[in-house]
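Here are my notes for a first look at this structure. Keep the 3D view open while you read.

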Amino acid sequence: MRCPVCAATNAAAARFCDQCGARLPAAASATPAGGDRRIVTALFADVVEFARLVDESDPEDVQRQMDAALAGMDEAIRRFGGSREKFIGDAVFAVFGHPRAHDDDALRAGLCALAIRALLAGDRAHDSPPALQVRIGIATGEVVAADRDVPGQPEVAFTGPAVVRASRIQGVARPGEIVIDDATVRTLRGRLVVEPRGSELLRGQEEPVALFAIRGEHGLVPPSPRSVGLRMVGRTQERVLLREAIEETLKTSRGRAIVVRGDAGIGKTRLLVDLEADAAAAGFAWTWADNVSFGTEEPYRFARVFAQAIADEQGTDSGTMTRRLLFQPEIDSSTFRRLAGAIAGMARDASFSGWESEARWAPSDPAELNATLQDVASRYVGQLMASFGPRVVVVDDLQWIDRSSSGLLEAFVAACRDAPLLVLATTRPGPLPPWIDTNGLDWLDLGGLAADETALLAADVAGAALAAGDARLVHGRTAGNPLFVAETVRALLDDGALALRDGQLELLERPEAHAVPVSLRAVLGARIDALTSDAREALGVASVVGDTFADDVVAELLGGRPVHVALDRLARAALVVPVDARRTWRFGHVLIRDAAYAGMLSTRRRELHARLAEILERDRWASPTLLARHRIAAGQHQRAIPHLVAASDAALAVGAIDEAAISLRQAADLADDAEQAAGFRQRADELMVTGSTPSL
């Protein structure tokens, strides 16, 4: 869509011009003729003492600072799915819930407010004006949204108490404070940390309004029986073994490390989730830290996730918690500087607060940094166990752990020998880090469910028991893989192949007639083919984005076409599930994504990867590794090389030598120029030999 003000080209679904910020004409169709009533969350953010800042600083500096601040606010609003309705001098008015409503608009507004506050508190140039502070007011309620015909600039007008209240609340907030009303608190679902601020009679209001201040976002939430869905079926022997491990650890004060291994969908995570209640009853703390497929090349990802999980458990931030565990009163100054510098180097892109000043001590040699972090890991684990007693540490999806975090995991495994610590990891069959086989780990292999257990699981999915013969047939077709069972039964239900007769479900025809598969690929293929064309296309596009995707990205890849209905259909089919409150989704299983991806022509995949890379390159938060991956998948190898070099540099900056070398070798494989390729390989080889950056 072309902007009528600056003529810039924008996505078809865009409401504002990416270049000049003008509202695009298509926005007028977002509101039904005559308007509508809807629940929205209104947000007002006002820069504190802007007039004084203008008086005391150079106007050009202030203008540049304000332009950057307003652009950052606008970006935060868009990121969380809101609509920036107006810039009012030094203030911003945004609405969450129009033109598209979400059941988590209040949470989106709260997260957006936290992002705005963090943005304005960021680093500044030495000679720039003082840091900006904002007062933010948020209120939730009913409004009338209607098109207002302003000559040359149509806009949507919002009329209702929520808009007025948000503006008034902003006026009573203190600098740097985010204040919300009670209606917003009730719809936050406990995701944000809030505290009462008392009641206040706002200007123009007849009754006092209960106000609350947002202090931050709650930390990571581990899986629970409710979040993983279906109840635990079978696994009797495995559960006994794990419970005995807890009892033995408690009795001897010496733990062990157990790796639960099995195919995707076999129920590894579900098995460990079921164990948490037993661990808690025995007096064990429970720490869950996961790994993700897209995080294998992100240096120290697992270490940061684990540190945050421990901090959340203790009600503090990861930086403070790490200080408490590592820096005991007796530590000498030299050791303090060495450890603190290494942590500061690792935590540059993490949420470790209070380490900025220690960055000056960070070793310049990546090998030295890496070695010091191994020491940090051992000290951290030792003090954690000494301070807090028996603990179960769950490492989910070990096959995806980043290499740089292996030192932390090794430290946990080593600590098991002399401490009441039980390390439980899940992994798929396949290669694992070399040290895994040399540290005395125990292995627990999971196979398929027995026939009677498959029947119980199938009945849970279907809502009624299957006829005995049909349950045996499902078991034979799925080999008792719980995911295969669930997907097969859902496919049969969707297909109308199961009918309720005399209180139990019976197959109307043999599964072969309805493409009930022997493998999950066939099950998913049948379900994908049964989707409407828009849902099927959206699923394919989402598979290009990755295991997790945002609906706005899918919409842009589809040329700006709306995708809400399509994604809702996919959710009802259990092919995708929501990840968080930001309209982010994930595939119900990675194999669902694989099936959708494989179902597209390679030319279509390359086209989508190229378009996605263009979108991500406009996002300053996109990692170079991710950008390179999409450029490679698009067949644009030369455009991937600069991203691989950037990924190598970023890995080196935090001492991640393996990751840096891998990126350089990949760049060498892609280079057309033989001399350039040889240079990349030489740098990678020297890096692995010397453990430091080679001279060029």
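The points below go from the whole chain to one helix.

1. First, a caution: this is a predicted model. The protein chain averages a pLDDT of 79, and 79% of its residues score at least 70. Over residues 25-33 the pLDDT drops below 50, and that stretch has 11 contacts in the model beyond near neighbours in sequence. Residues 512-523 are also below 50, with 24 such contacts.

2. Now the overall make-up. You'll find 25 helices and 18 strands in the protein chain. Of its 696 residues, 50% are buried. Among contacts with a separation of 6 or more, 67% link residues 24 or more positions apart. The accessible surface is about 31,500 Å², and carbon and sulfur atoms hold 51% of that.

3. Next, zoom in on helix α6, residues 236-252. With 17 residues at 1.5 Å each, α6 should span 24 Å, and its end C-alpha atoms are indeed 24 Å apart, so the two agree. Just after α6, serine 253 has a positive phi of about 60°.

4. Which residues of α6 are buried? They are Glu238, Arg239, Leu242, Ala245, Ile246 and Thr249. These residues cover an arc of only 115° around the axis, so they sit on the same side of α6. The spacing fits a general rule: an α-helix has 3.6 residues a turn, so residues three or four places apart point the same way.

5. Finally, look around α6. Thr236, Gln237, Glu247 and Lys251 are exposed on the other side. The cover over the buried residues of α6 includes β9 (256-261), α7 (268-281), β12 (421-427) and β13 (442-445).

Conventions
Residues numbered from 1 in each chain as written. Predicted model: local features only at pLDDT ≥ 70, side-chain atom pairs only at ≥ 80, totals over all residues. Heavy atoms only, no water. pLDDT = per-residue confidence, 0-100. Contact = heavy atoms within 4.5 Å. Helix = DSSP H or I, 4+ residues; strand = E, 2+ residues; numbered from the N terminus. Expected span 1.5 Å × (residues − 1). Buried < 20%, exposed > 50% of the residue type's maximum accessible area, 1.4 Å probe, protein only. Arc of directions from axis to C-beta. Areas by Shrake-Rupley, 256 points an atom, 1.4 Å probe, with all protein chains shown as cover.
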